[in-house]
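Let us read one structure together, moving from a single residue to the sheet and the core.

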Amino acid sequence: MPLYEEIEIEDMTYDPETLMYSYPCPCGDKFKISLEDLWDGEDIADCQSCTLYISVIYEEEDLPPLPDNSDDEASAKEATSAVGNSAKRIMESVEKLSLSDKNQ
């Protein structure tokens, strides 16, 4: 996995509903890392559409607090979103392959 860049957390976008930080990836998707991962000391945000990743520079005292129920709700929301996005990408790939096979 190639490191794309080191990014200050202040340059990332925070979504308080999903408890996720994101940053635009050059492939058109986004690098993402959860607030929980940051609190756990993780500093690598990956892009699910390509092989790039970024290193997030932050201090724990600058992070928003974790809600009491964040472990269950945020993980469930992110997992549901990730599965849905993966399924959508797989279906799009299958459709493209089917169309290219028909055109040959």
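Q: In which strand is the place of Ser-34?
A: Strands (E, at least two residues) and helices (H or I, at least four) are DSSP runs, numbered from the N terminus. Ser-34 belongs to strand E4. The model is predicted: local features need pLDDT of at least 70, side-chain atom pairs count only at pLDDT 80 or more, and totals for chains, interfaces and linings use all residues. Residues are numbered from 1 along each chain as its sequence is written, and side-chain values use heavy atoms, with hydrogens and water left out.

Q: Is Ser-34 buried or exposed?
A: Buried means under 20% relative accessible area, exposed over 50%, and partly exposed in between (1.4 Å probe, protein chains only). Ser-34 has a relative accessible area of 15%, so it is buried.

Q: Which residues is Ser-34 in contact with, leaving aside its neighbours within four places in sequence?
A: Contact means heavy atoms within 4.5 Å. On that basis, Ser-34 is in contact with Leu-19 and Met-20. In addition, a polar atom of the Ser-34 side chain lies 3.0 Å from the backbone nitrogen of Asp-37.

Q: In what order do the six strands form the sheet?
A: Strands of a sheet pair through backbone hydrogen bonds, either parallel or antiparallel. Here two strands pair if DSSP finds at least two bridges between them. The open sheet has the order E1-E6-E5-E4-E3-E2, with mixed pairing. Strands E1 (3-8) and E2 (13-15) each have a single partner strand, so one side of each is left without a neighbour in the sheet.

Q: How many bridges join strand E4 to strand E5?
A: Two bridges join E4 (residues 30-34) to E5 (residues 44-47), and these strands run antiparallel. Phe-31 has Cys-47 in E5 as its bridge partner.

Conventions
Polar contact = N/O pair within 3.5 Å; in protein donor to acceptor, adjacent residues only side chain to side chain.
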